[in-house]
Amino acid sequence: MSDLNDEYDEQHERAAYGERDGELHDGLLEEELRQAAAILDPVPAELRRVAVDAFALHDLEARVAELTFDSLVDAIPVRGESDPPRMLTFSTDRVTVDVEVTADGMIGQLLPPGPAGIEVLSGPRAHARLTADAMGRFTGEAPPAGPFALRLRTGREVVVTQWLRA
């Protein structure tokens, strides 16, 4: 008798969660959750636009430089410094990009040193264009606002850093 009750309970659970004959109907549940999220917590139009633009900026041939150091996370705070510069390091197997972001702008250097064209990607806004000299040094007069990434063109190679918030 307990086997019969167990089988009934199992069938009842499957029916309650949308499972029929061993098939889970995830599509219906997913659609219901999507509709609920759209009503209760819609994605702001500006955020959707930034996300679409970020995806459109994706360069299939580019190497992605991963964030390997962020002074907000990895550094020891300096006593007495009220607004320290943010130090970032992005790396691929061939290129390292060191960047310092301050309220006055950004400075950086490529390793190995060499000339490069650099774009500061910042969603739907116009991209700031910077140039790295023969020593790999570059400067930008305005700090990035909001999410940003860097796209570097060094000869034939294109490197894009991870996106992060300034």
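Is Thr161 buried or exposed? I looked this up before anything else, and Thr161 counts as buried because its relative accessibility is 2%, where the cut-off for buried is under 20%. The model I am reading is a predicted one.

**Entry 1, Thr161.** I placed Thr161 in strand β11, which covers residues 157-161. I then listed its contacts, leaving out residues up to four places away in sequence: Thr161 touches Ala65, Phe90, Ala149, Leu150 and Leu152. I also checked the polar side of Thr161. A polar atom of its side chain lies 2.8 Å from the backbone nitrogen of Leu150. Leu150 therefore appears both in the contact list of Thr161 and in this polar pair, under a 4.5 Å limit for contacts.

**Entry 2, the whole chain.** I counted four helices and 12 strands. Of the 166 residues, 27% count as buried. The accessible surface comes to about 11,900 Å², and carbon and sulfur atoms hold 55% of that surface. Among contacts with a separation of 6 or more, 48% are between residues 24 or more positions apart.

**Entry 3, strands β3 to β6.** I followed the pairing along the chain. Strand β3 (residues 63-70) pairs with strand β4 (residues 86-91) in the antiparallel sense, over four bridges. In this pair, Leu67 stands opposite Phe90 of β4. Phe90 is also one of the residues that Thr161 touches.

Next I took β4 with strand β5 (residues 96-102); the two run antiparallel and are joined by six bridges. Thr89 has Asp98 of β5 as its bridge partner. The two strands form a hairpin, with four residues between them.

From β5 I went on to strand β6 (residues 105-111), where seven bridges make an antiparallel pair. Thr96 stands opposite Leu111 of β6. This is again a hairpin, and two residues join β5 to β6.

**Entry 4, the faces of β5.** Which residues make up the covered face of β5? I found Val97, Val99 and Val101 there, while Thr96, Asp98, Glu100 and Thr102 make up the uncovered face. Asp98, the partner of Thr89, and Thr96, the partner of Leu111, thus belong to the uncovered face.

**Entry 5, the core.** How many residues does the largest nonpolar core have? I found 20, and Val97, Val99, Met106, Phe138 and Leu150 have the most contacts inside it. At least two residues of this core come from each of β4, β5, β6, β7 (116-121), β8 (128-132) and β10 (147-154). Nonpolar side chains tend to be buried together in soluble globular proteins.

I looked at Met106 more closely. Not counting residues up to four places away in sequence, Met106 touches Val99, Glu100, Val101, Val120, Leu130, Phe138, Thr139, Gly140, Pro144, Phe148 and Leu150.

**Entry 6, Gly108.** I found Gly108 in strand β6. Why does Gly108 count as buried? Its relative accessibility is 14%, and buried means under 20%. With residues up to four places away in sequence left out, Gly108 touches Asp98, Val99, Gly136, Arg137 and Phe138. Val99 and Phe138 are also in the contact list of Met106. Last, I took a distance: the C-alpha atoms of Gly108 and Met87 are separated by 9.4 Å, and the two residues are 21 residues apart along the chain.

Note on methods: Residues numbered from 1 in each chain as written. Predicted model: local features only at pLDDT ≥ 70, side-chain atom pairs only at ≥ 80, totals over all residues. Heavy atoms only, no water. Pairing = 2+ DSSP bridges. Buried < 20%, exposed > 50% of the residue type's maximum accessible area, 1.4 Å probe, protein only. Core = buried A, V, L, I, M, F, W, Y, C linked by side-chain atoms within 4.5 Å. Areas by Shrake-Rupley, 256 points an atom, 1.4 Å probe, with all protein chains shown as cover. Polar contact = N/O pair within 3.5 Å; in protein donor to acceptor, adjacent residues only side chain to side chain.
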